[in-house]
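Here's a quick walk through the strands of this model, a pair of serines and some unusual backbone geometry. Keep the viewer open while you read.

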Amino acid sequence: MNVSLDEIKEHENAHGIDPDQRLTLLVDPEPRSVWCPVISVDDHVLEPANLFDQVPRKFADSIPRMIEVHGRPAWQIAGRLHYLSGSDGTVGRPMSEWSANGMRWEDFRPGVFDARARLADMDLNGVWASLAFPSNVWGFAGATIARLGDRDAALACVRAYNDWVHEEWCAAAPDRFIPCQLPFLADVELAAAEIRRNAERGMRAVSFSENPYALGFPSLHGGYWDPFFAACAETDTVVNLHVGSSGVIPRPAPDSPPMVLVTLFPLNGIMAIVDWIFAKVPIRFPTIKIVLPEAGASWVPTVIERLDCSFRKRDQSLAWEPTDPHPSDILRRNFWFASIEDPSAFHQLEVIGEDRVMIEVDYPHADSSWPDTQALVRRQLEALPVATIRKLCFENASALYGVPWPPGERLRDSVLLGGHSG
């Protein structure tokens with residue numbers, strides 16, 4: 001389906017796109033001293049224009065394709081235009097330009113979309129390995145693809161996306177890029193088959209939605225998703241529930257400014273973990289591994305207290321069976337948490353569990369700690385025992401996602417690990 005010139009103009013006006021805008025790239029920062037190597041369990045990538053080139057031609061009328069509009073790339077999806085968003089790659093640009101829309105490739109720092117450049121930016125920042133979620137246009141759980149309308153075309157696109165993650169992005173450095181696939185939300189049996197297909201080639205993570213009901217799919221309650229969860233449990237595939245993957249973030253009022261939503265990100269984590277536990281997903285699948293990226297962890301003790309209260313009152317409700325394990329035990333057994341800047345969480349590790357917290361950089365988004373992750377991590381963690389710091393920075397993530405260790409020479413020669421990296 002083609003887009004008319006009038007529709008293009010209307011879209012540009014609606015999204016504040018200035019065809020003549022020129023944006024700024026800052027000078028490259030100097031490499032940071034490495035205090036402790038980090039495995040980042042939450043980054044993002046801006047996908048290439050040829051992402052779906054391998055999809056069979058019979059689906060050509062349905063699949064997303066990238067076109068140029070007034071010299072600017074835009075995804076054409078179901079007759080609508082989606083320009084590249086400045087929020088998909090804020091690193092290396094002045095903060096005043098972070099909300100720009102209608103980006104050109106050259107407006108982004110190359111590490112936003114180029115794997116080799118990403119590795120250089122990781123080295124600069126003391127990051128050994130990285131797990132990358134999708135860019136905003138696809139939804140963090142691939143909801144945009146699931147809604148294409150043609151189910152066969154959508155499935156082909158999900159497979160093409162996962163092939164690109166495995167064969168292109170992660171193939172650039174298999175020991176440093178953690179492959180994370182998209183699920184096929186439109187059909188649970190096909191979603192389970194895709195998990196098994198990818199597990200056979202070593203992909204052990206999937207970006208699912210913290211609340212599929214909000215996306216128009218069945219809820220977690222009732223067992224609809226059990227074939228998918230069974231596949232994840234059987235293949236040891238980690239289920240990542242990235243904040244915002246449901247397309248919903250609490251907004252107290254229509255005129256609440258955008259920063260209110262950003263500040264309330266942890267509420268999505270609270271709602272997700274409570275709903276998943278009450279849906280008894282981890283009870284039916286006791287070995288399933290679930291991560292809550294970008295939700296932080298300082299709220300976890302509060303949730304544990306509320307779960308304990310609920311369980312004490314189990315005789316007054318239908319929520320729990322006599323044979324069910326304690327919900328706070330489920331939380332500590334099946335869930336992991338990720339933190340960018342969450343210092344209060346590190347004072348509550350005896351409640352949360354030091355084996356359940358990991359570090360994220362969120363490169364290249366606005367919340368990212370790049371290029372100063374090392375300084376931030378040191379400021380938050382240096383009062384902790386060295387063994388605990390190692391767990392938070394890399395050991396927990398290495399064990400969960402199967403990241404090879406030790407890291408390269410510069411990161412291995414870090415201050416915390418007894419070296420003299422400068």
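A residue is called buried when its relative accessible area is under 20%. Keep that cut-off in mind for what follows, and remember that this is a predicted model.

**Strand β7 and its partner**

Let's start with β7, which covers residues 205-208. Ala205 and Ser207 point one way from this strand, Val206 and Phe208 point the other way, and all are buried. Which strand does β7 pair with? Its partner is β8, residues 238-241, and the two run parallel with 4 bridges between them. If you want one pair to click on, take Phe208, whose bridge partner in β8 is Leu241. Helix α6, residues 226-235, joins in as well: β7, α6 and β8 make up a right-handed β-α-β unit.

**Two serines worth a look**

Ser207 sits in strand β7 itself. Why does Ser207 count as buried? Because its relative accessibility is 1%, and anything under 20% goes into that class. A polar atom of the Ser207 side chain lies 2.4 Å from the backbone oxygen of Phe140. Setting aside residues up to four places away in sequence, Ser207 touches Phe133, Phe140, Ala141, Cys180, Gln181, Pro183 and Asn240. So Phe140 turns up both in that list of touching residues and as the owner of the backbone oxygen 2.4 Å from the Ser207 side chain.

Ser209 is found in the loop between β7 and α6. Is Ser209 buried or exposed? With a relative accessible area of 0%, Ser209 is buried. Its side chain has a polar atom 3.1 Å from the backbone nitrogen of Asn211. Leaving out neighbours within four places in sequence, Ser209 is in contact with Ala141, Leu215, Leu241, Ser245, Ser246 and Trp276. Two of these names have come up already: Ala141 is also touched by Ser207, and Leu241 is the β8 bridge partner of Phe208. There's a long-range C-alpha pair here too: Ser209 and Gly244 are 35 residues apart along the chain, with their C-alpha atoms separated by 8.1 Å.

**The sheet with β1, β5 and β6**

Now for a separate topic, an open sheet. Its 3 strands come in the order β1-β5-β6, and the pairing is parallel. The edge strands are β1 (38-44) and β6 (177-178), each of which pairs on one side only. Between β1 and β5 (residues 127-133) there are 5 bridges, and these two strands run parallel. Within that pairing, Ser40 stands opposite Ser130 in β5.

**Strand β10, covered along its length**

How many of the residues of β10 are buried? The count is 5 of 5 for this strand, which spans residues 335-339. Phe335, Phe337 and Ser339 point one way from β10, while Trp336 and Ala338 point the other way. β10 has parallel pairings to two strands you can check in the viewer. With β9 (residues 290-292) the pairing runs over 3 bridges, and Ile290 has Phe335 as its bridge partner in β10. With β11 there are 3 bridges as well, again parallel, and here Phe337 has Val357 as its partner in β11.

**Unusual backbone angles**

Finally, the backbone. Most residues other than glycine have a negative phi, and most peptide bonds are trans. The exceptions below are handy spots to inspect.

| Site | Feature | Value |
|---|---|---|
| Tyr363-Pro364 | cis peptide bond | omega about 5° |
| Trp405-Pro406 | cis peptide bond | omega about 15° |
| Ala78 | positive phi, not a glycine | phi about 50° |
| Asp362 | positive phi, not a glycine | phi about 60° |

Where are these sites? Pro364 lies in the loop between β11 (357-359) and α13 (373-381), and Asp362 lies in the loop between β11 and α13 as well. Pro406 is in the loop between α14 (386-401) and α15 (409-412). Ala78 belongs to the loop between β3 (72-77) and β4 (80-83).

The two positive-phi residues also have contrasting surroundings. Ala78 counts as exposed because its relative accessibility is 59%, whereas Asp362 counts as buried because its relative accessibility is 1%.

Technical notes: Residues numbered from 1 in each chain as written. Predicted model: local features only at pLDDT ≥ 70, side-chain atom pairs only at ≥ 80, totals over all residues. Heavy atoms only, no water. Pairing = 2+ DSSP bridges. Buried < 20%, exposed > 50% of the residue type's maximum accessible area, 1.4 Å probe, protein only. Right-handed = clockwise from strand over helix to strand, strands pointing away. Polar contact = N/O pair within 3.5 Å; in protein donor to acceptor, adjacent residues only side chain to side chain. Contact = heavy atoms within 4.5 Å.
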